[in-house]
Amino acid sequence: MAKPTPTSKAAPPSKSARPDLSSVPASWSQALTSVLLVIIFYELVWQLDFFYKPIVTASMIIVFMAIIAINAFRFGVKPALVVALIANIYTIYAYAGPTRSLAPINSLLRAEWLALVLFYAPAIIIGYLRERVDESIFKERQARSMAEQEQLRLTTILQQLPVGVVIAEASSGKVIFGNQYLEQLLSSTHTPVRDESEAVPLQEWPMRQVIEGQTLQSEEFTYNHAGHDHVLRVSGTPIYNSLGEITAGVVIIDDITVEKELQQRKDDFLSMVSHELKTPLTSLKMYIQLASRQIREDNLPASASLVKANAQADKLTQMIADMLSLARTQSGKLEYRFEPVDVAVLAKQVINDIQPTIPTHQLVLQAKPVPAIMADPDRITQVLINLITNAVKYSPQADKVIIDISSVNKQIQLSVQDFGIGIKSDAKKRIFERFYQAEQRQGQTFPGLGIGLYLCSEIVKQHHGKIWLESKYGSGSTFFVSLPFKQPKVSKKG
Ligand code: ADP
């Protein structure tokens, strides 16, 4: 598997690494030694008085210039200027000194401008250029070192992530990076990524879609290995260069097999509990109805307790119906029977049925005539009941709920508006999630399981519709459902 190569034992750029050449003692001693050696050499030459003096003089000036240039090139402006100054003083001494051999030329060299041109200018120009080059090399090294540090940091983070990360080259499909978690994943599952040097068999691997420009968002893939299904949650995105071309793809993989198994067990448990509760509850409801009929037949006054017991039994029935629907939705066994449904008529029936069980609120129906659509009336009833009972439950201080039905843009739009506690904006995003319950004000508690809205959204999805809400925290919420006129004609399973 591709192992990242932690390249950087690279030390952080320190201040002492700056090219402050004057602070390096070796450069000063070498510069001074070089000029002193030249002076000693020419002192001997003058003492010997053997060579043709104008040639010696010319060579001495050239050698000084060379020494100045070399020192400027090696050590920068300051050491070179000191060498130039010493050379300048020595040439003046050679003129004024006992030999006086440099008289013709030194008279010129003593002139400041010639010394400036021959000795000082090269020291300054060459030294300056050298320092600029040093500085840019230093800056480049510093930038490279920082980039290495950055890469190391990123690699360490990627290595430690509790999800698998794979990066593959777009051109060849070769994996260029895979983290430790991915290695563990590969030892327990069988995914097509095998070896760093091996091109990924693109047709088998979600990386293919990513390299081709697709973005994957928490998509689930199942891989079978040694008779075991592994569920992987995969996200991925292409990496573009500045020209907008895809250069690589990054894929993030999480093994959610255990999570899925737990979820399955929870759903099985829920399904079992709701089944077990359904039978005694049906009997209870039957006994309540029997008792009510008995009272009526005996011409006794109606019992308020029995009415309340009946309403509570209805609530419980609804709750169990939701739990069963949830279990069936999860296992894909929730059946849909599509038939022509007039949603306005259906809403009227639902309201008539449940209004007697809601003494605290008036359910106001504002229904315009709408065309019949293909829908499952039982499921749409479930959506209406859930939205209306929520509207009532979460508006304890209010006394009405408005249900509106109309047709908008070839869609039936139904809305349920309450004037209750409202929903905070951060909770809005998660409200249709399974088991999600928004945090309430201190001291406020509302009974519930957090599955009603999830079911509504699943049912609406099966009708190719949309569900959303508008809400102002503290002043109420409106839930909207839109269902397209055109529905699938065949009955299908959810
Ligand atoms: P629950 O059984 O908890 O009511 P739902 O799935 O029906 O579960 O609703 C999820 C959460 O959404 C609720 O716990 C509640 O916090 C919030 N909620 C739903 N409907 C309303 C509403 N009309 N007003 C305020 N909050 C609501």
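**Exercise 1. Place Ser-34 in its element, and decide whether Ser-34 is buried or exposed.**

Step 1: Ser-34 belongs to helix α1, which covers residues 25-48. Helices here are DSSP runs of H or I with at least four residues, strands are runs of E with at least two, and both are numbered from the N terminus.

Step 2: The relative accessibility of Ser-34 is 17%, so Ser-34 counts as buried. The cut-offs are under 20% relative accessible area for buried, over 50% for exposed, and partly exposed in between, with a 1.4 Å probe and protein chains only.

Step 3: Ser-34 and Ile-70 are 36 residues apart along the chain, and their C-alpha atoms are separated by 9.8 Å.

Before you go on, note that this is a predicted model, where local features need pLDDT of at least 70 and side-chain atom pairs count only at pLDDT 80 or more, while totals for chains, interfaces and linings use all residues. Residues are numbered from 1 along each chain as its sequence is written, and side-chain values use heavy atoms, with hydrogens and water left out.

**Exercise 2. Do the same for Ser-218.**

Step 1: Look in strand β3 (residues 216-225), where Ser-218 sits.

Step 2: Ser-218 has a relative accessible area of 47%, so Ser-218 is partly exposed.

Step 3: For Ser-218 and Ile-253, 35 residues apart along the chain, the C-alpha separation is 8.8 Å.

**Exercise 3. Describe phi and exposure for Asn-409 and Lys-410.**

Step 1: Start with a rule of thumb: most residues other than glycine have a negative phi.

Step 2: Asn-409 is not a glycine, yet its phi is positive, near 45°. Lys-410 also has a positive phi, about 60°, without being a glycine.

Step 3: Asn-409 lies in the loop between β10 (400-408) and β11 (411-417), and Lys-410 is in the loop between β10 and β11 too.

Step 4: Asn-409 is exposed because its relative accessible area is 70%. Lys-410, at 67%, is exposed as well.

**Exercise 4. Which residues surround the ligand, and which polar atoms approach it?**

Step 1: The ligand is surrounded by 21 residues, the closest being Asn-390, Tyr-394, Asp-418, Gln-437 and Leu-453. A residue counts if one of its heavy atoms lies within 4 Å.

Step 2: Check for polar contacts, which are pairs of N or O atoms within 3.5 Å. An oxygen atom of the ligand is 3.1 Å from a polar side-chain atom of Lys-393. For Asp-418, a side-chain N or O atom is 2.8 Å from a nitrogen atom of the ligand. For Gln-437, a side-chain N or O atom is 2.7 Å from an oxygen atom of the ligand.

Step 3: On its own the ligand has 530 Å² of accessible area, and the protein covers 96% of that. Such areas come from the Shrake-Rupley method with a 1.4 Å probe.

Step 4: Two or more shell residues come from each of α11 (377-393), α13 (452-462) and β13 (476-484). Of the elements, α11 gives the most, with 3 residues.

**Exercise 5. Which element gives the largest share of the lining of the second largest pocket?**

Step 1: Find the lining, which has 16 residues; Lys-260, Gln-263, Gln-330, Arg-434 and Tyr-454 are the closest to the centre of the second largest pocket. A pocket is an open set of points on a 1 Å grid over the protein atoms alone, where a 1.4 Å probe fits, with protein on both sides within 12 Å along at least five of seven lines; lining residues have an atom within 4 Å of a point.

Step 2: The elements giving two or more residues to this lining are α8 (257-297) and α13. The largest share, 5 residues, comes from α8.

Key: A polar contact is a pair of N or O atoms within 3.5 Å; within protein, one must be able to donate a hydrogen and the other to accept it, and residues adjacent in sequence count only if both atoms are side-chain atoms.
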